[in-house]
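Here is a quick tour of one model, with a stop at a sheet and another at some charged pairs. Have a look before reading on.

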Amino acid sequence: MICHSRLRRTLLLGAAITASPFAQLYAQTAATPPAQASDIAPATDGQLQTIVVTAQRRSESLQAVPVSITSVSGKALENSNFQSLTDLQYVVPGVQFDPTNGAAFQIRGVGSTSFDYSNEKSVSVVVDDVAMDAPRDLGVIGLADTQQVDVLMGPQGTLFGKNATSGVIAVTTAKPVLGQWSGTSSASYGERNDHTVSAVVNMPIGDTLALRVSGFDQGQDGYGRYTSLDQSLGAFKEYGGRAKLLFQPSDSLQFVYTGDYEHHWDNFIRTSVSGASPAVTALELTNGVTPGPRNEDDADTRIGRTRNASWGQSLRAQAQIGRDTLTSITAYRQTSYLGDAPADLVPTNEYAFFPYNEGTIHTRKFSEELRWASPTGGFVEYLAGVFYNRLKLDSTQLQWATLGTPLVSSTGVPLTSFFTLTGAIGNPGNTDRFRTDNSTTAGFGQLKFNFTRKLSLAFSGRYTHDDNSQTLSYFWTNPLPITGVDATFKPTSAAPFLPSGRVEGHNFSYRIAGQYKISTDAMLYATYSTGYKPGGAAFVSNVYSPYRPETVKSIEAGIKTELFDRRVRLNFDLFREKFTDFQTSLVTYVPGNILPQTTIGNAGGLKSQGAEATFAWRLDTALTLNGGLTYADAHFTDYVFSPTINYTGTPLTNAPKWQGTISAVYDHDITGALHLRANVDYAYRSKVWTFIGDPASSKIPGYGLINGRVSLSPTGRDFEFGVYFRNLLNKYYSTAIQQYSTLSLIHYTTLDAHRTVGAFVKVGF
């Protein structure tokens with residue numbers, strides 16, 4: 001996880017409105033495609049740049065769209081020094097990322113994490129109009145050559161490819177440019193071997209073709225140590241590339257083919273905080289580990305690691321047919337994931353709990369979306385489309401435990417008997433295999449009536465059919481290459497009564513949006529939206545445990561303004577979302593199993609309500625301030641888990657009530673031959689809990705981070721060098737705290753809980 005950047009004078013508006021950072025300044029880069037909306041006007045010197053978004057599947061000014069949106073440009077992301085899409089949680093108030101139980105984004109405090117492979121994401125990540133729905137995969141690892149990231153708050157299912165009940169994070173990568181040779185390369189290096197290297201080249205091929213190729217390599221050594229192995233703990237390495245080919249035979253027809261590959265590796269592992277047995281705690285201390293809220297060391301003799309790769313192809317075709325536009329997006333993607341997460345805390349020859357815990361996931365998906373859209377500005381604007389998405393998954397899980405017995409006895413005899421949590425009583429297998437098939441078919445549309453130049457009303461709808469199925473089986477994995485012994489296994493769970501399950505669902509979601517222009521620079525809007533997330537076919541400890549669909553009803557009202565000749569931008573909205581049958585995970589005991597299990601089920605009711613504000617102020621041609629503030633109160637309104645456990649009234653996990661950002665950007669010549677760019681930003685979030693029910697042990701206090709970047713460049717030259725810093729004040733924090741079975745209270749950490757300072761250089765042509 002990580003933070004972001006901008007410059008001084010931040011206290012000038014510190015307590016004022018504070019929420020959508022870098023969005024407002026770097027609205028469009030040179031690579032931004034031309035907008036078609038008639039209400040988009042170019043900015044003049046001293047004015048804020050127009051921000052173009054496609055929240056309604058057509059290019060429009062952010063100020064003209066009746067949706068709460070935060071837009072972050074590629075330039076702003078570069079200035080933030082962040083390296084991952086998950087770092088949006090430090091850039092965009094109202095966005096969170098939960099690293100536990102499968103990991104997922106939340107918006108306005110609402111989102112679900114789950115180990116169930118049939119569970120849809122609450123926040124849909126869409127990259128170049130392709131929904132990234134594979135488990136353990138965000139669809140984009142590095143941020144190289146990113147043009148823009150738009151965060152759409154609240155239910156967005158009617159017009160986007162998957163029915164996201166909490167919101168959408170839409171990533172747009174830069175498009176090739178015809179007739180232009182250009183390129184950039186950059187490199188940075190900082191503390192703990194923090195490094196990023198990237199390059200982009202745009203190449204014209206005749207008059208109608210252009211190729212754009214980008215690549216990156218980045219990583220950092222961990223702050224913690226595997227004390228028994230004397231190796232770094234918490235390191236990551238990533239690399240990848242993307243190629244885009246644009247073919248535009250005429251002004252009315254264009255094709256963009258994209259191919260990409262990205263790879264991630266890390267050895268992050270949960271580390272102990274407290275609550276282990278006295279014997280285990282003593283062994284930790286003996287092996288150089290001091291448990292506590294800031295512990296990042298582990299004495300296990302096996303390294304935990306995560307390795308995942310994603311790759312795919314897409315073809316976007318767009319044609320002008322009369323005054324209308326026909327768009328097709330065809331995509332095929334694959335992912336590969338390996339997770340190895342032993343949990344022993346100490347050398348396994350002294351004590352072992354969960355020494356072998358490995359899982360793999362392989363996915364394949366195909367999607368097709370077809371849209372027909374009218375131009376904007378007429379009395380009636382219309383859009384209609386169809387969508388198909390099918391994801392197939394094949395996963396294996398190997399969980400072999402000793403629950404306290406060391407792998408080698410005091411006399412040197414290897415252990416040959418293990419419990420297997422991934423098997424079934426009466427079945428010879430010792431490894432689970434899950435096969436999942438999730439398909440979605442939908443039709444959607446929107447009608448907008450512009451009654452006057454000031455007043456309009458839009459109706460959007462989407463009919464969706466989902467078909468999710470899952471099968472659980474077992475097979476034998478030879479233990480000798482893994483354990484070094486010819487082991488025997490004792491299953492902890494009975495065989496499933498039903499080895500497979502299937503859940504089908506139908507839904508019609510809709511949205512009504514009205515807007516009224518008070519003046520050319522101010523617009524009022526109000527929306528009523530519904531959303532839907534399909535049910536799933538889960539297995540919990542070999543028990544088939546399907547769960548119901550999740551639905552939401554949302555009301556939002558706001559105002560968007562630009563003042564003082566477009567030098568000040570102020571946006572504000574109020575929202576209230578009511579969820580029914582909210583899909584949530586909980587750690588509990590399942591009858592017949594000796595260890596607690598993470599289950600997914602439905603909470604009867606959930607509500608998130610609050611307010612969001614963003615501002616941008618261009619004080620002069622050199623200095624711009626940006627900021628934003630989100631207040632979101634997300635809590636269960638009906639969640640009776642059992643006759644003795646009632647979570648009604650408790651807040652959601654990882655859901656801060658307050659999040660804010662403020663930043664300053666200075667960009668000006670300081671001499672006739674030298675140009676200065678400086679950015680400083682501050683991001684804050686209030687306290688959260690990471691257990692449902694608010695136990696004091698899972699509380700993460702509120703914290704703030706200061707990040708920045710200062711550079712110089714020769715005037716008129718495409719060359720820049722400077723320094724960057726993340727978490728300047730070295731503010732420590734955990735990203736999650738959990739009770740790991742009966743072993744210990746553990747926490748997840750991040751490299752950005754430690755100050756990182758470095759230098760960078762960038763060259764363009």
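Which residue in strand 9 does V149 stand opposite? The partner is V171. Keep in mind that this is a predicted model.

That pair sits where strand 8 and strand 9 (residues 167-173) run antiparallel, joined over 7 bridges. On another side of the pairing list, strand 8 also goes antiparallel with strand 3 (residues 69-73), this time over 5 bridges. There, I69 is found opposite L152 of strand 8. As for burial, 8 of the 8 residues of strand 8 (residues 146-153) are buried, so the rest of the structure largely encloses this strand.

Zooming out, the sheet is an open one of 5 strands in the order 3-8-9-6-7, with mixed pairing. Its edges are strand 3 and strand 7 (130-131); each has a single partner strand, so one side of each has no neighbour in the sheet. The parallel sense turns up between strand 6 (residues 123-127) and strand 9, which pair over 5 bridges. Within that pairing, S124 has V168 of strand 9 as its bridge partner. As a reminder, strands of a sheet pair through backbone hydrogen bonds, either parallel or antiparallel.

Now for the charges. The structure holds 30 salt bridges, and the table shows some of them.

| Pair | Closest N to O |
|---|---|
| E78 and K762 | 2.9 Å |
| D128 and K244 | 3.3 Å |
| R390 and D437 | 2.5 Å |

E78 and K762 meet in a salt bridge. The two come from distant parts of the chain, 684 residues apart, with E78 in helix 1 (residues 74-80) and K762 in strand 44 (residues 756-764). E78 is partly exposed at 26% relative accessible area, whereas K762 is buried at 18%.

D128 and K244 also form a salt bridge. D128 belongs to the loop between strand 6 and strand 7 and K244 to strand 15 (residues 236-250), so their link ties together parts 116 residues apart in sequence. D128 counts as buried at 19% relative accessibility, and K244 does too, at 6%.

R390 and D437 make another such pair. Here strand 21 (residues 380-401) supplies R390 and strand 23 (residues 431-450) supplies D437, so parts 47 residues apart in sequence are tied together. R390 is partly exposed, with 32% relative accessibility.

Beyond simple pairs, R108, E556, D573, E577 and E612 are linked in a salt-bridge network.

One last stop: Q738, in strand 42 (residues 736-740). Q738 is buried, at 12% relative accessible area, and the residues it touches include T100, N101 and F691.

How values were computed: Residues are numbered from 1 along each chain as its sequence is written. This is a predicted model: local features need pLDDT of at least 70, side-chain atom pairs count only at pLDDT 80 or more; totals for chains, interfaces and linings use all residues. Side-chain values use heavy atoms; hydrogens and water are left out. Buried means under 20% relative accessible area, exposed over 50%, partly exposed in between (1.4 Å probe, protein chains only). Helices (H or I, at least four residues) and strands (E, at least two) are DSSP runs, numbered from the N terminus. Two strands pair if DSSP finds at least two bridges between them. Contact means heavy atoms within 4.5 Å. A salt bridge is a side-chain nitrogen of Lys or Arg within 4 Å of a carboxyl oxygen of Asp or Glu. Lists of a residue's contacts leave out its neighbours within four places in sequence.
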